[in-house]
Amino acid sequence: MPDFVPGQRWISETEPELGLGIVLSEEGNRVTLLFMAAGDRRIYATRNAPLARVRFAPGDQVQSQDGWSMTVTAVDEQDGLLTYRGRDEDGEPLALEEVDLNPHLQFNKPQERLFTGQLDSAELFNLRHDTVRLIGRLEQSPVRGLCGGRASPIPHQLFIAHEVSNRPSPRVLLADEVGLGKTIEAGLILHHQLITGRAERVLIVVPEPLLHQWLVEMRRRFNLRFSLFDAERYREAGEPNPFQSEQLVLCSLDFLMASPQHQSDAIAAGWDLCVIDEAHHLGWSQAAPSPEYRFVESLGKQVPGLLLLTATPEQLGKESHFARLRLLDPDRFHSYEPFLAEERDYAGLADVIQHLLDDAVLDRTQLGRLRELLAEDLADDLLERLDDPASSQAARQALTQLLLDRHGTGRILFRNTRATVKGFPGRRLLPTALPLPAHYGVALASPGLSPEQRLWPERWVTADGQWWRQDPRVAWLTATLKSLRQAKTLVICAQRETAMDLEETLRIAGIRAAAFHEGLSIVARDRAAAWFADREDGAQVLVCSEIGSEGRNFQFAHHLVLFDLPLNPDLLEQRIGRLDRIGQSETIQIHLGYLENSAQETLYHWYQDGLGAFEQLNPAAPTVHARLQARLLDLLANPDPAGEAALLAEAGVLSRATQAALQQGRDRLLELNSCREAEARRLVEALHAQDADPTLWPWLERVFDAYGISVEEHSERCLILRPGEHMRMQFPELPDEGVTVTLDRDTGLSREDILFLSFEHPMVRGAMDIILNSEHGNAALSILRHPDLDPGQLLVECFHVVDCSAPKHLHIARFFPPVLIRTLLDHEGNDLSHLPFESLERVPRQFDREHALELLRAQRKPIEAAIKRAEARARKQVPGILEAAISRMLGAMTGELKRLAALRKVNPNVRQEELDQLKAHALDMHASIQAGRQRLDAVRVIVTA
């Protein structure tokens, strides 16, 4: 076990890009290092820390924190600390203590491996070279961070994710209508922020019933492993603040509110980003905010990034809407009355935009309102171009963009509606009235029954202990499924026990059925869902308890059986929403069997005749249900035909009025801003291009071959990966039993039991890390040939990488990805770098280790001389590379700062903190890029054939 002394310099063997680390302390079996270049503090176990002591030798060049350099001539050690002695460029003697070494220095030893005979194959050397180039290209992709999710490229979702995730610390309200994918939008944003390093610690807070849905959604769709925190996990953490034991935490609001200690620890845990789902449940009034609201308010003041997910705002009232915005920016939304006045000022803006988009010619009134709203020189030029047929369309789009940027709450609030997002299927209800069994009728006549007992009598009323033999819904269900002739059908009921009984009954009847309920493990649920998804040999039916509406993707089916009905209209919509999704190609057939003269029939009429909630989404349903719920529950307990007719009539009138008010109150301006079609199309095209990139699979094949991974055919577009007999190391995301994978997005969407591999999957990113953050492939001896080279020549090929150490949250690689400099020299120092890397042809011969070492020792001096010449050649190119990176960064950051500063003058929703943060990031990136330098990444000695 190494001895760690404060002030020593060490480097991470797995993350050399962190630069030099300095030992801060050693306590017990842990050592703490500070990597100043990356702004990162790490704690390691001293026994197995992946650290290497930094010890330069005479002849090495070192640099101080102040920027001066010297050549080491001697090294002194006292009390475990090193002092380097040497001379500067003028020959003056200098001394440098290791604590004062430049933290941006990086340490690698390809030449040492070369001369000690630690040689890699030509395949691994080439793979390392190609991986550096590949990463440089990926880091600059316009859809970086948005490609790896198991999600369809839906324009409005991609637009919101791209717009929000590229902000340093986003604080926004996601308020899309039901079924448009707020959870997916949040997942894309999280994935992007984590992939690019803008966030490392994330907290998700959701209502208790949604915990499993979020856990599954984040894991299956985005490969994000959140730790589920509850009271037991909290107690067992063994940390002063249990929330600091994990980077990604998911918990319920109920758990947090159960203890002041839970709340204070969550607030103090140091998150980068926090997500609050169902934010409309946080009660607020000017006089008395709820405890839940006050907690989220305190949390939001400590967390830089905050995402609120909520129902469509107009359903909640303006005061509730204001309360959500106040959580995001309390300085901006400090008082309710000014907020209302500001909304009134914007009342005519949507109308102006609508005229701009729809009218062939704008009249003087509309032109005047445009000038008044824009009031800038640029607008004058655009208004003049409206009369020119050749430029009118572009001018209208530009004017619309200006209006969207400058007015309303569009920067912090995103809402799409089904009225603006197309592609949803139709719905068709197929109800069947069934006779009420006599024993049910007797039992249901008892007083004091709960609504649940009246709606789901099978759970407590039995006939000979086997309810399914007497309940006519079971025979109806069996006949319906047999009539569908093997069509995939999703069956949902409220209770787990009902789902279990139905699955067994259907199986006995000869129908291939799988069960999906909360009594099964996550793995078992995945297997059931996978068997249902299998189009050839899979189950015809998946029988689910209420968690079947948890967010799973079953859009490959279009038959839905509602074995019973939930009391909450939101749950009904969630059930139908498992099939009613963007991308569904068929009309959804909703089969419903209900018992006559029972609470089931009353509830059916409530949803069908009162709310009209089966065959279309009714955004007014929750409002109407909440207002009339007490009377509905009374009717379920005490049937009254006249009272039922009156209630349904009143519900219909209230529903139509509420929907009309919602439609009239639609913020067309906000909807336009929530999905700018041209930009959304560009993102979709970029993602399709990334999916179609032909380089991923050939690169992966080389990786699997190099690291001993066995690849077998599974089925069309699917492969099986298994650890091979000669696997070099534990491979990321590869279990011992193997795994099935696909590179096809459509297959990945329909088969959630297999891995969808993209450039952003943890297996692929892990493979890149293994290659570049290790010594694999950085030293080689090859026999090659080229038509322009004589046999028997000795060549030295060096690859220098120019990069810099910087804090991850800067995502500096978008402006300064690793730059590869290749140098090819012969033994006399002649530069042959003009010969392309790919033109050097392998010869099927290789040196054995003994002869390789003999050759390298004999030729060590000319090889070392060539490496020094290559380093000098690379060093000359560094200033130009850094200058170009700084220019790219300053161009982008300056343009964004100017845009936001101009917006802030007319749109106070641009926070000053956002501007200040961008300026600070630009300064930090400038300093980091300036500190960039070249490092020898790989060296190969070539003998020509």
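Helix 22 (residues 599-611) is largely enclosed by the rest of the structure, because 11 of its 13 residues are buried. Buried here means under 20% relative accessible area, with exposed over 50% and partly exposed in between (1.4 Å probe, protein chains only). Helices (H or I, at least four residues) and strands (E, at least two) are DSSP runs, numbered from the N terminus.

This is a predicted model, in which local features need pLDDT of at least 70 and side-chain atom pairs count only at pLDDT 80 or more, while totals for chains, interfaces and linings use all residues. Residues are numbered from 1 along each chain as its sequence is written, and side-chain values use heavy atoms, leaving out hydrogens and water.

Back to helix 22: its buried residues include Leu-603, Tyr-604, His-605, Trp-606 and Tyr-607. At the N-terminal end, Ser-598 acts as the cap, with a side-chain oxygen 3.1 Å from the backbone nitrogen of Gln-600. A polar contact is a pair of N or O atoms within 3.5 Å; within protein, one must be able to donate a hydrogen and the other to accept it, and residues adjacent in sequence count only if both atoms are side-chain atoms. After the helix comes Gly-612, with a positive phi near 55°.

Helix 29 tells a similar story. Here are the two helices:

| Helix | Residues | Buried residues |
|---|---|---|
| Helix 22 | residues 599-611 | 11 of the 13 residues |
| Helix 29 | residues 762-772 | 9 of the 11 residues |

Among the buried residues of helix 29 are Met-763, Val-764, Met-768 and Ile-770. Their cover includes helix 2 (122-138), helix 27 (696-707) and strand 24 (718-723), where contact means heavy atoms within 4.5 Å.

Now to Thr-944, which sits in strand 31 (residues 933-944). Thr-944 counts as buried because its relative accessibility is 5%. A polar atom of its side chain lies 2.6 Å from the backbone oxygen of Asp-790. Leaving aside residues up to four places away in sequence, Thr-944 touches Leu-784, Leu-789, Asp-790, Pro-791, Gly-792, Gln-793 and Leu-795.

Zooming out, the protein chain has 32 helices and 31 strands, and buried residues make up 55% of its 945 residues. Of the contacts with a separation of 6 or more, 72% join residues 24 or more positions apart. The C-alpha trace spans about 105 × 75 × 60 Å along its principal axes.
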